[in-house]
Amino acid sequence: MTELSKTASSGTEFSRTELGKTELGKTESRQDQEFRSGFVAVIGRPNAGKSTLLNALLGQKVVIMSDKPQTTRNTIRCIVTEPRGQIIFLDTPGIHKPKDRLGEWMLEAALSAVRAVDAVVWVADAAAEWGGGDASIAEVLRASGLKTLLALNKVDLMEKSALLPRIEAWSRRFDFAEIVPVSALREENTDRLLDTLWAYLPAGPLYYPEDEVTDRPERFIAAEIVREKVLTLTREEIPYAVGVAVEAMEEKTSLIKIEASVYVERASQKGIVIGKDGSLIKEVGRQARLELEELLNSKVLLKLWVKVRKDWRNRGDTLRELGYEGN
Ligand SMILES: Nc1nc2c(ncn2[C@@H]2O[C@H](COP(=O)(O)OP(=O)(O)OP(=O)(O)O)[C@@H](O)[C@H]2O)c(=O)[nH]1
Ligand SMILES: [Mg+2]
């Protein structure tokens with residue numbers, strides 16, 4: 001089966017990776033520009049737009065996004081390769097007060113991301129007031145001593161005149177190396193953020209092959225896409241209670257067959273996720289299949305089973321099975 005990176009970069013959509021591939025060779029022979037590379041943690045409160053920003057910087061969708069907080073649950077490497085260098089971004093779960101074992105694991109994953117990076121991009125909703133989550137982030141970053149850039153996001157939702165006071169308010173809270181207002185959704189000023197970031201990276205090697213966009217396997221991405229569709233189509237407690245495991249992914253002659261379990265915590269939630277006459281899970285499957293077909297560049301047969309796993313967010317076995325503990 002083709003790797004995500006290769007399939008993704010062979011699509012018709014804009015691909016930064018292909019650009020990198022053709023131009024990288026040229027740069028290697030140039031002596032005037034040093035190849036820079038490094039690791040950058042992208043952190044912030046839930047829903048700030050971290051994953052949306054990363055997809056914008058990558059020029060393609062790699063990580064899932066939704067309007068529900070705590071969409072991202074793992075630290076996921078997102079790799080941008082250009083003639084000038086390579087940045088390995090770490091998308092992280094939003095910093096929040098944990099309510100269960102999954103939440104504790106997510107918080108630890110986010111905080112530990114800053115332990116081995118060269119710089120940090122802190123993503124904040126420009127309209128949001130400073131909160132407890134921000135104070136915790138500031139404390140961790142101050143202790144780390146890392147250069148931190150603030151991506152003040154969602155500026156498309158605000159009057160131009162309101163922006164300057166927000167920038168000033170944020171600069172009083174933390175000693176940022178730079179503050180860059182952006183709209184991740186509209187991809188406004190995101191290139192400027194990237195341009196600014198290179199200055200904070202050391203000269204370094206190509207850590208990943210230039211056509212790779214993530215360290216995660218297709219199985220992981222497939223499970224994430226299914227979860228994203230459930231998140232988008234449900235509300236209240238359901239998005240938090242859903243976990244997806246891809247049980248099988250098999251390449252047949254003319255299609256790829258994917259089987260996945262959609263875990264919830266209670267029978268009532270199972271009923272909601274299945275929907276009237278199976279309508280909701282059918283729609284989840286339809287949307288996920290379309291996206292997977294584009295990503296894998298193949299016809300996809302997607303089979304979903306909704307299962308109850310009582311209180312799984314506090315159960316070590318299921319947490320491990322879903323990839324939330326032990327890695
Ligand atoms: N209007 C507007 N909405 C945005 C922008 N960036 C992100 N969003 C929306 O904000 C919501 C959250 O986006 P995500 O990228 O999932 O946020 P996140 O910070 O990764 O969230 P977690 O993974 O839960 O921590 C989604 O509905 C996005 O469409 C932006 O620049 N403008
Ligand atoms: Mg996210």
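Which residues come nearest to ligand 1? Of the 24 residues around it, the nearest are Gly-49, Thr-52, Thr-72, Gly-94 and Leu-185. Keep in mind that this is a predicted model. Among the secondary-structure elements, α3 gives the most to the shell around ligand 1, contributing three residues. In terms of residue type, the shell splits into 12 polar, eight nonpolar and four charged residues.

Let's step back to the whole chain for a moment. The protein chain has 327 residues, and 41% of them are buried. Its secondary structure comes to 12 helices and nine strands. If you look at contacts with a sequence separation of 6 or more, 72% of them link residues that are 24 or more positions apart.

Now to the sheet. Six of the strands form an open sheet, and if you walk across it you meet them in the order β2-β3-β1-β4-β5-β6, with mixed pairing. At the edges sit β2 (76–82) and β6, each of which pairs on one side only. From one strand to the next, the twist averages 25°. For a pair to zoom in on, try β4 and β5: these two run parallel and are joined by six bridges. Within that region, Ala-124 stands opposite Leu-152 in β5.

Strand β1 is worth a stop too, and Ala-41 is a handy residue to pick there. Is Ala-41 buried or exposed? It counts as buried, because it has 28 C-beta neighbours inside 10 Å, where 20 or more are needed. Leaving aside residues up to four places away in sequence, Ala-41 touches Leu-90, Thr-92, Ala-113, Val-114, Val-117 and Val-120. You can also trace from Ala-41 to Thr-75: the two are 34 residues apart in sequence, while their C-alpha atoms are 9.2 Å apart in space.

Next, helix α7, which spans residues 190–198 and has Thr-190, Leu-193 and Leu-197 buried. Those three residues lie on the same side of α7, because they cover an arc of only 55° around the axis. Turn to the other side of α7 and you find Asp-191 and Asp-195, which are exposed. So what covers the buried residues of α7? The cover includes five strands you have already met in the sheet, namely β1 (36–43), β3 (85–91), β4 (119–125), β5 (148–153) and β6 (178–181). Helix α3 (50–58) is part of the cover as well, and that is the helix that gives the most to the shell around ligand 1.

Finally, a couple of backbone details. Most residues other than glycine have a negative phi. Asn-47 goes the other way, with a positive phi near 70°. You'll find Asn-47 in the loop between β1 and α3, and this residue counts as buried because it has 21 C-beta neighbours inside 10 Å. Asn-297 is not a glycine either, yet its phi is positive, at about 55°. Asn-297 is found in the loop between α11 (279–296) and β9 (299–308). What about its surroundings? With 13 other C-beta atoms within 10 Å, Asn-297 is partly exposed, whereas Asn-47 is buried.

Methods
Residues are numbered from 1 along each chain as its sequence is written. Chains are lettered from A and ligands numbered from 1 in the order in which they are written. This is a predicted model: local features need pLDDT of at least 70, side-chain atom pairs count only at pLDDT 80 or more; totals for chains, interfaces and linings use all residues. A residue is buried if 20 or more other C-beta atoms lie within 10 Å of its own, exposed if 12 or fewer, and partly exposed in between; C-beta atoms are placed from the backbone. Helices (H or I, at least four residues) and strands (E, at least two) are DSSP runs, numbered from the N terminus. The arc is that of the directions from the helix axis to the C-beta atoms. Two residues are in contact if their C-beta atoms, placed from the backbone, lie within 7 Å. A residue is near a molecule or strand if its C-beta atom, placed from the backbone, lies within 6 Å of it. Ala, Val, Leu, Ile, Met, Phe, Trp, Tyr, Cys and Pro count as nonpolar, Asp, Glu, Lys and Arg as charged, and the others, Gly among them, as polar. Two strands pair if DSSP finds at least two bridges between them. Axes are lines fitted to C-alpha atoms, for helices over the stretch in contact, and angles run from 0 to 180 degrees between N-to-C directions.
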